[in-house]
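User: Hey, got a minute to walk me through this model? I'd like the core, the helix packing and any odd backbone spots.

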Amino acid sequence: MAYRSLSELRPLRLDTVAAICGLLVAVVLFPLRFLTSQVYLNTVPILLGTACVLYLLALYQDDGTRSLPTLPARVTLALPSIVLTGLAVLVTVTVIQGTRTPLFFGLASVVGTLLIGQIVFADDREFHPGMMLVQIVVFAFVLRFTALYATPGYVGIDIWTHAELTHAILTERSLGAISDDKHYASPFYHLLVAASALIYDVPLRLAVILSVGVVMPLSVLLVYAATNLLVSQRWAILATACYAVASHVTMWGIHLIPTSLGLVFFLGMLYALLRVMRIEYTIRDFSVLLLLSVAVILTHQVSTFIMLVLLLAAFVAQLVFVVGPLGLTRLDTSVFRVKKPVNLVGLVVFNVGLTIFVWSLTPYRQDSFLATVLSFFTETLEESAGFLNIASDSPSDEADAEAAQATPTLLEQLVPYIDILGFLFLLGATFVGCLYVVHRRRAEQSVFTLLLATAFMLVFVLGLPMFGIHNFIPTRWFAFLYAPMAILGAIGLRTLSGKLTPAIVVAVLVVFVLVYPGAMIFAAESNADNPVFSDQHERLAYDESELAAAESIAELTGSPSGSEIRPDQRLYTDHPYHTLITRTGAYPSTTTATVPDDGVAEHDYVVYRSTQSTDAVYFVDDDGNGRTEQISQERLCRPDQATVYTNGDVTMCTPSPATT
């Protein structure tokens with residue numbers, strides 16, 4: 001008998017086949033851990049195999065009568081008050097200690113566990129969606145605004161550049177002030193912040209917080225709205241909580257740059273896209289989708305490319321269901337409502353065309369942004385691409401490679417895994433969710449869009465870097481990737497909770513509830529303002545003395561332009577402090593100092609700060625490789641140099657008149 005499509009072959013279930021194939025892929029990838037020490041190659045195959053085994057076990061144990069274990073009613077009713085009290089304690093601790101310390105992050109992890117625990121284990125009778133969402137939003141605000149409160153300036157590196165661009169727009173009252181910058185064609189962030197500064201009559205830093213900073217914690221509600229189109233409120237709220245606490249999402253809530261605003265518009269677009277796929281939409285719904293896509297294009301280039309990947313995933317999902325080569329046309333109405341695929345050809349063509357047009361007009365390094373990016377990508381393919389070529393030019397990766405040559409301590413071995421532990425937990429739940437939605441009776445365009453978008457993004461985040469291709473800035477993708485992952489992860493946990501035996505369900509969910517929030521909060525991205533592992537991660541924020549030193553250096557030197565500075569007058573200090581001095585215009589020709597192993601720097605003009613002797617900062621060795629090292633002041637500011645400025649924490653040294 002001949003079958004016209006796989007759907008006619010009743011014994012064959014696509015989710016079962018996918019789980020078995022995933023298990024085989026995990027077995028094949030497992031030996032790669034012996035070829036490289038790359039952290040994802042060491043963990044993802046094990047994670048994929050575990051997810052596939054749990055899903056197959058759920059299929060075997062499913063008898064349709066499983067119920068989720070719940071907390072006692074008294075405990076459930078008391079938890080919201082405990083969580084809100086814990087959040088008040090977090091604010092108090094920050095105010096008293098003046099910064100977010102390891103104590104803060106430890107308490108925040110406990111609060112996060114209590115929050116997610118009540119979402120998962122609360123009985124239906126005591127489950128109040130509104131109260132849960134209030135806790136999540138307040139938690140998101142506290143986690144982010146305590147960092148903003150405790151930081152005198154800005155958190156991050158790029159924010160200083162964007163602050164200068166916005167200041168230029170405010171000064172000249174014209175967008176022409178940044179006409180030579182790549183953000184000239186994507187100025188929405190800078191115009192929003194400038195308008196906020198004028199409307200509220202506040203300094204630029206406060207304008208950033210009142211505009212983009214306030215929107216970031218609230219944007220997690222878009223994840224709830226999107227997920228609730230697919231599953232019940234409990235699991236939509238779980239997806240929201242998982243997203244709100246995610247490390248990279250938290251980072252863009254404290255490092256407030258165009259990526260942050262692009263992420264907000266991306267979440268809005270994800271919701272609008274799922275909405276038109278799930279309801280009988282009107283022209284108004286599609287217009288909102290179109291306007292949000294234009295907003296992304298006018299905000300940030302990387303966000304735009306990620307948005308195009310999402311649209312590509314939606315278009316491919318449309319083809320799957322329109323062409324129907326796998327016979328994925330029978331929908332289980334008890335899981336997802338029946339809806340014909342939405343035609344997205346016009347939307348995709350419009351956005352691709354507008355993106356190419358805008359990028360062609362965007363100035364970037366003496367050429368257009370589009371031409372420069374294509375040139376960089378071609379150069380990478382020709383010179384550095386190769387399998388397992390995972391080296392990078394970023395200081396942190398160079399430092400990791402350097403550290404690998406020495407005997408690492410136990411903490412140095414554990415920190416990379418701690419940083420990605422939360423991502424791995426969410427990825428495992430996502431794998432299970434993907435297996436659930438590929439069943440032909442549950443498959444439809446919206447969930448396939450999430451599945452394909454996650455797969456495509458993982459290629460850019462994990463796949464291409466394995467071949468030495470970092471042009472797409474994979475670290476910028478994680479916060480966007482977490483949105484479809486959180487939705488699919490909630491679907492995955494819902495699947496396991498309803499089909500596995502109670503003992504296994506409790507084990508899986510308890511481990512997730514206990515580990516996931518703390519892992520995300522202790523990851524480096526969540527505490528960039530004051531790293532928990534300060535000898536492993538650089539601090540991307542500065543205290544009052546360091547900010548005052550940058551201003552004093554500007555006054556001392558007259559803030560000369562780069563063309564006025566001779567090569568022998570270049571200023572040297574650590575990374576990331578040199579980025580503050582450069583990007584604020586205090587002294588444009590400033591870069592990372594070269595400090596030989598067990599030697600002293602030979603630069604004429606240097607800046608030392610006390611952080612270089614206590615925390616993780618980056619220098620360059622004689623071979624040009626970056627590394628983390630703590631040095632004494634004498635190794636950078638030599639005794640034969642003159643001290644022209646010092647405030648106790650920061651010292652600037654120049655050639656001594658006696659030696660010139």
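Analyst: Sure, we'll take those topics in turn. This is a predicted model, so local features need pLDDT of at least 70 and side-chain atom pairs count only at pLDDT 80 or more, while totals for chains, interfaces and linings use all residues. Residues are numbered from 1 along each chain as its sequence is written, and side-chain values use heavy atoms, with hydrogens and water left out.

User: Okay, which residues touch the most other members of the largest nonpolar core?

Analyst: Tyr243, Phe423, Tyr482, Tyr516 and Tyr577 do, in a core of 193 residues. A nonpolar core here is a set of buried Ala, Val, Leu, Ile, Met, Phe, Trp, Tyr and Cys residues joined through side-chain atoms within 4.5 Å. Buried means under 20% relative accessible area, exposed over 50%, and partly exposed in between, with a 1.4 Å probe and protein chains only.

User: And which helix gives the most to this core?

Analyst: Helix α20, residues 478–499, with 14 residues. Helices (H or I, at least four residues) and strands (E, at least two) are DSSP runs numbered from the N terminus. There's also another core lying apart from the big one, with 12 residues, among them Tyr572, Ala593, Val617 and Ile631.

User: What does Tyr577 touch?

Analyst: Leaving out residues up to four places away in sequence, Tyr577 touches Tyr542, Glu546, Ala549, Ala550, Val607, Arg609 and Val650. Contact means heavy atoms within 4.5 Å.

User: Switching to helices: at what angle do α3 and α4 pack?

Analyst: About 165°, with the axes 10 Å apart; α3 covers residues 73–97 and α4 covers 102–121. Axes are lines fitted to C-alpha atoms, for helices over the stretch in contact, and angles run from 0 to 180 degrees between N-to-C directions. That angle makes α3 roughly antiparallel to α4. The cut-offs: under 35 degrees is roughly parallel, over 145 roughly antiparallel, 65 to 115 roughly perpendicular, and the rest oblique.

User: What kinds of residues make up the contact of α3 with α4?

Analyst: By class, 15 are nonpolar, four polar and none charged. Ala, Val, Leu, Ile, Met, Phe, Trp, Tyr, Cys and Pro count as nonpolar, Asp, Glu, Lys and Arg as charged, and the others, Gly among them, as polar. On the α3 side they include Leu79, Ile82 and Gly86, and on the α4 side Phe104, Val111 and Gln118.

User: How do α3 and α5 pack?

Analyst: Their angle is about 5°, again with axes 10 Å apart, and α5 is residues 129–150. So α3 and α5 are roughly parallel to each other. This contact has 14 nonpolar, three polar and no charged residues. Among them are Leu84 and Val91 from α3, plus Met131 and Phe139 from α5.

User: Is Val220 buried or exposed?

Analyst: Val220 is buried, at a relative accessible area of 1%. Val220 lies in helix α9, residues 220–227. Outside its neighbours within four places in sequence, Val220 contacts Ile136, Thr240, Tyr243 and Ala244.

User: Now the odd backbone spots. Where's the cis peptide bond?

Analyst: Between His575 and Pro576, with omega about 20°. Pro576 is in the loop between β3 (571–573) and α23 (577–583).

User: And what's the phi of Arg365?

Analyst: Positive, about 55°, although Arg365 isn't a glycine. Arg365 sits in the loop between β1 (363–364) and β2 (367–368), and counts as exposed at 57% relative accessibility.

User: How about Asp598, buried or exposed?

Analyst: Asp598 is exposed, with a relative accessible area of 78%. Asp598 also has a positive phi of about 55° without being a glycine, and its loop runs between β4 (590–592) and β5 (605–609).
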